[in-house]
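Q: Please take a close look at one part of this chain and describe what surrounds it. Explain each technical term at the point where it is needed.

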Amino acid sequence: MTDSDSSNSDDEMVLDVLFYLPRPRFFRDRSNPLEDFDDFDFKSRFRLSKETFVFLLHLIGNDLRRSTNRSFAISPEIQILVTLRYYVTGTFQAVIGDHVH
């Protein structure tokens, strides 16, 4: 076996390893509508005041929280806001995508 054969074999092995590596994960930056919208805009979009939303979050937020550190689970705040927005508009994909990414 020559040096060039060994070098080619090593290069192929490195390329094989690189080819089968998992893709890096991409996480979107999720906005926070509580911070993004003023009181008027928040109420016009979700039909609740921010104070009422915080009260609702304290009532049911712990039941929605995921106990995993493995993934970036959607926060209870966003889950409730998505649900409220769906109830307000009756649609979910385009409207929810615009507001909570």
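A: The account below starts with the whole chain, turns to one helix and its contacts, and ends at the surface.

This is a predicted model, in which local features need pLDDT of at least 70 and side-chain atom pairs count only at pLDDT 80 or more, while totals for chains, interfaces and linings use all residues. Residues are numbered from 1 along each chain as its sequence is written, and side-chain values use heavy atoms, with hydrogens and water left out.

The chain has 6 helices and 0 strands, so its elements read α-α-α-α-α-α from the N terminus on, where helices (H or I, at least four residues) and strands (E, at least two) are DSSP runs numbered from the N terminus. Of its 101 residues, 20% count as buried. Here buried means under 20% relative accessible area, exposed means over 50%, and partly exposed lies in between (1.4 Å probe, protein chains only).

The part chosen for the close look is helix α5, which spans residues 76–89. Two of its residues, Q79 and R85, show how side chains of this helix meet the backbone elsewhere. R85 counts as buried because its relative accessibility is 12%. Its side chain reaches the backbone oxygen of R45 at 2.7 Å. This is a polar contact, that is, a pair of N or O atoms within 3.5 Å; within protein, one must be able to donate a hydrogen and the other to accept it, and residues adjacent in sequence count only if both atoms are side-chain atoms. Q79 is also buried, with a relative accessible area of 19%. A polar atom of the Q79 side chain lies 3.4 Å from the backbone oxygen of L64.

Other pairs are close in space although they are apart along the chain. L57 belongs to helix α4 and is buried, at 14% relative accessible area. The C-alpha atoms of L57 and I80 are 7.6 Å apart, with their positions 23 residues apart in the numbering. P33, in helix α2, is buried as well, with a value of 1%. For P33 and E77, 44 residues apart along the chain, the C-alpha separation is 9.2 Å.

The loops deserve attention too. R65 sits in the loop between α4 (50–64) and α5, and its relative accessible area of 48% makes R65 partly exposed. R65 and S75 are 10 residues apart along the chain, and their C-alpha atoms are separated by 6.7 Å. R47 occupies the loop between α3 (39–46) and α4 and is exposed, at 54%. Most residues other than glycine have a negative phi. The phi of R47, however, is positive, near 65 degrees.

The surface completes the picture. D10, D11, E12 and D16 gather there in a patch of negative charge; D11 belongs to helix α1 (residues 3–20) and is partly exposed, at 42%. A nonpolar patch on the surface is formed by M13, V14, L15, V17, L18 and L21, with about 590 Å² of accessible area together. L21 lies in the loop between α1 and α2 (33–36). Patches consist of residues with over 30% relative accessible area and no salt bridge, like charges being joined within 9 Å and nonpolar side chains (Val, Leu, Ile, Met, Phe, Trp, Tyr) within 5 Å. A salt bridge is a side-chain nitrogen of Lys or Arg within 4 Å of a carboxyl oxygen of Asp or Glu. Lys and Arg count as positive, Asp and Glu as negative, and His and the chain ends are not counted. The place of a charge is NZ of Lys, CZ of Arg, CG of Asp or CD of Glu. Accessible areas come from the Shrake-Rupley method with a 1.4 Å probe; for residues, only the protein chains shown count as cover.
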